[in-house]
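Ready for a few exercises at the screen? Open the model, try each task yourself, and then compare your reasoning with the worked solution.

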Amino acid sequence: MKAFDVLDISGDVGIMAYGKNLEDAFRNAAVGMYSLITDLDAIEEKRSIDISVESHSMEGLLVAWLNDLIFHFDAYGFIGKRIDIQEMGDNKIKTMVTGEDFDAERHEGKLLIKAATYHQLKIEKKDDIWEIDVIFDI
Amino acid sequence: MAPDKLRRIDETKLEISEDYKPGMRVNGIIYVDDILEKELENQSIEQVANVATLPGIIGASLAMPDIHTGYGFAIGGVAAFDLKDGIISPGGVGYDINCGVRLLRSNLKREEVLPRIKDLVGVIYNEIPSGVGSKGKIRLGPDDERKLLLKGARWAVEQGFGDVSDLERTESGGCIEGADPSLISNKAFERGRAQQGTLGSGNHFLEIQYVDEIYDEKAANSLGLFKDQITVMIHTGSRGFGHQVCTDFLEVMEQAVGKYRIELPDKELACAPFNSPEAQDYLAAMRAAANYAWANRQCIMHWTKEAFLRIFIATPKALGMSLIYDVAHNIAKIEEHTVNEKKMKLIVHRKGATRAFPPGHLELPEIYRPIGQPVLIPGDMGRASFVLLGTEKAMKETFGSTCHGAGRVMSRHQAIRQAKGRAIWREMEDKGIIVRSAGRETLAEEMSEAYKDISNVVDVVHNAGISKKVARLRPLGVIKG
C-alpha cells in the first residue's frame, strides 16, 4: 500500500494519506507533509522532539498536530522523518518525531507551508483502509 | 463555466442572486468580463455565495477579477460587516496577514541598469534572505519584538531602516493602531523571531522593473514615474508570525461559532460577533501581525536601496530611490463608508484585494490626496505589473477596493509537471529577465502560464471604473523565494 499521494488543487497543495489504521494514516499525512517541504532522503534521524496535542474532534486533532509540526519547522527548522505515535485517543495524540534541523546547504527547500487547513478535510475509513485528505496553505 | 445562477449585470460584473443559496443575506457580485468568466472556478463562486450568508454583511459579497478558490472566503474577496451585528473572520483576511506590495522609484533608466542587472540581482539575492528555512539578519529581543508589533514600519525607521518620509507613503502610515502584543502566543513570537526582514517563498518576490507604458501622463508625473525608469517592487507579508496568529485564532473562532450559535456553510468561515471578546482579541492580534509585515517590507526596502548604492556607486540623492507607496492586500480594517446615503463604520475584509481610495479621501497622505491612492498590482514574473489609482466609483461600489494580482489558473503541481525538462530561468533570460530563486521548484510553480494574464485582470477593474490605470511595469530582474 502506498503511504500517500500529493493532492493537486488550484492555489495550494494537499496530501492524501493512507493507513491500515488511523495511526498509520496520521503518520503518513505527516511524512507526506514533510516531503512537500524537502526531499526526505537527505534528512537524517539525528534528534527527536515530543509533540502532544489535544482537541475536541479527530479533525481538530489532525489539524492541530500538523500545525504543531509546521510550527517546529518554521520556528526552529526541525524536519521530521520518522514518526512514533505513542498514544492516540479521540481527543489526544502523543508523538515522538525524529529527524534533524534543516540546512539549506544540504537540504533542498521545496514548499513553504504556512498551515494545515480544514478546507476539504477528510478522515475516513473505506474498505479497511483509512484515508486522510488534508490541504495546506502555501 | 459559470452556472446559470450567474446573471450578467454589465460588461464587467456578474451577479449571484440572493436566492441562489439558502441563508444568503445579500447578493454576490463578481467583477469579471467575458474573458475571465471562462476561468471562474465553481468552488470560488460557491465561496462568494457562502460569505453572503454571514451575519451583518453589508451591500454585497464582492469578488475581484483575480478571484480563485481560497479557504472559506475566496481569494480576491471583499466583504464589509456592520460593527453592531456583524462578524470578523480570520478566514476573510487569510494566513498571510498584511501580505502586500510596495513600489520604489529611482532616477535610473533601463539602459543604465541593463549592463549590471546580473550583478544587481546577485547582490540583492545574497543580501535579502529568501526561501524555505531562511533566517533573517535581524534578531529581535522580547522588548524589540513588542515595540515592532506596536509600531510597524515606524519601528524599522527608528532602527535606521529607511526615512520618516516613507511612513506617509505607506497604507495606514505603516502602523495600524490598536495592536496588542499581549494577545500573541509564544508560538507566534517564536516563529516571528528570526523571520523579520525575510522575503519568504511561494509567490513572494522582489522585482527590478522598468516603466514600459504610461496610460496617464499627469498621474504618472505626480507619482514620480516616467518611461523607461527603473522601479523595484517588493511583495511579501508577515511571514510565520502572521501564519501562526491566523492558525491560533482559527481555533478560537471555531469555539466562538458554537458559543454564539453562528450557522456556517463552511468551517473555514469561522468567525465571531464583532463586539465579542474573541473578535476584539483577533483584531488586536491581526493588527500586530499587520505591523510586523509593514516593518518587514520596510527593512527589505532598505537593504535593496543599499544594494543599488553598492552596484551603481552613487549618492542616495543621485539614485533618487524612494518609496511610491505600500499597500496591504490581506487585511481587515475599520473604515467609514456611505451605505444608503448614511455614513457607517464597517469592518472591511480584503483577502487578496487592495484598498483603492479616491482623490480627496482623508485617510490619504496630502501628497496623494489630489490624485487618489496609488494601487500596486503585481503580475506573474514573466509578464507585467501595474500602477493604478483609487476612484470614487470604488468607494461607491466596492468599499474602496480593487484587485490584488493575477490569480492562479494552474495548480502548483500542474505547473511543475508542465515545466518538467524545461529550464524556466533560461526561458526567462531569453526574454531578458534575470531570475534567482532559492527553491528549484519555485520557478516552475511561478512560471507565467500558471497565472491569469494580469492585463486582463487590470482591464476589468479599469473598465469597471473601480481604479484607473497609470503605468505598466515590466520585469528585468526577479528574486524569488
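The residues of the lining of the largest cavity divide into eleven nonpolar, 18 polar and twelve charged. Keep in mind throughout that this is a predicted model.

**Exercise 1. Find the largest cavity and say which residues lie closest to its centre.**

Step 1: Begin with the enclosed spaces; there are five cavities of 30 Å³ or more in the structure. The largest has a volume of about 650 Å³.

Step 2: Go to the centre of the largest cavity, where Lys114(A), Ile75(B), Asn203(B), His404(B) and Arg412(B) are the closest of the 41 lining residues.

Step 3: Now look for the elements behind the lining. Strand 8 (205-214) and helix 10 (239-259) of chain B are the ones that give two or more residues.

**Exercise 2. Work out the strand order of the seven-stranded open sheet in chain B, and explain why one side of strand 1 and of strand 12 is left without a neighbour.**

Step 1: Trace the sheet across chain B; its order is 1-2-3-4-5-13-12, with mixed pairing.

Step 2: Check the two ends. Strand 1 (6-10) and strand 12 (330-339) of chain B are at the edges and each has a single partner strand, so one side of each has no neighbour in the sheet. From one strand to the next, the twist averages 25°.

Step 3: Zoom in on one pair. Strand 2 (residues 13-16) and strand 3 (residues 27-31) of chain B are antiparallel and share four bridges; here Glu15(B) is opposite Ile29(B).

Step 4: Add the helices. Helix 2 (residues 42-51) of chain B lies across strands 1, 2, 3, 4 and 5 of chain B, at about 160° to strand 4. Helix 11 (residues 277-312) of chain B also packs on the sheet, where it touches strand 12 and strand 13 and makes about 110° with the direction of strand 12.

**Exercise 3. Describe the lining of the largest pocket and of the second largest pocket.**

Step 1: Take the largest pocket, with about 610 Å³ of space. Its lining has 25 residues, and Ile416(B), Ala419(B), Arg440(B), Glu441(B) and Ala444(B) lie nearest the centre.

Step 2: Sort that lining by class: twelve residues are nonpolar, five polar and eight charged. Both chains take part, since helix 1 (22-37) of chain A supplies at least two residues, as do elements of chain B including helix 14 (412-419) and helix 16 (440-445).

Step 3: Move to the second largest pocket, which holds about 350 Å³. Of its 14 lining residues, Glu336(B), Thr338(B), Lys343(B), His361(B) and Met395(B) are the closest to the centre.

Step 4: Strand 12 of chain B gives the largest share of this lining, five residues. By class, the lining of the second largest pocket has four nonpolar, three polar and seven charged residues.

**Exercise 4. Is Ile113(A) buried or exposed?**

Step 1: Locate Ile113(A) in the loop between strand 5 (92-101) and strand 6 (115-116) of chain A.

Step 2: Compare its relative accessible area, 5%, with the cut-off for buried, under 20%. Ile113(A) is therefore buried.

Step 3: List the contacts beyond four places in sequence. They are Met33(A), Leu36(A), Ile37(A), Ile70(A), Phe136(A), Asp137(A), Ile138(A) and, from chain B, Arg191(B).

Definitions and conventions: Residues numbered from 1 in each chain as written. Chains lettered and ligands numbered in written order. Predicted model: local features only at pLDDT ≥ 70, side-chain atom pairs only at ≥ 80, totals over all residues. Heavy atoms only, no water. 1 Å grid on protein atoms, 1.4 Å probe; cavity = no way out; pocket = protein on both sides within 12 Å on 5 of 7 lines; lining within 4 Å. Points joined across faces, edges and corners; volume = space filled by probe spheres on them. Nonpolar A, V, L, I, M, F, W, Y, C, P; charged D, E, K, R; others polar. Pairing = 2+ DSSP bridges. Axes fitted to C-alpha atoms, helices over the stretch in contact; angles between N-to-C directions. Contact = heavy atoms within 4.5 Å. Buried < 20%, exposed > 50% of the residue type's maximum accessible area, 1.4 Å probe, protein only.
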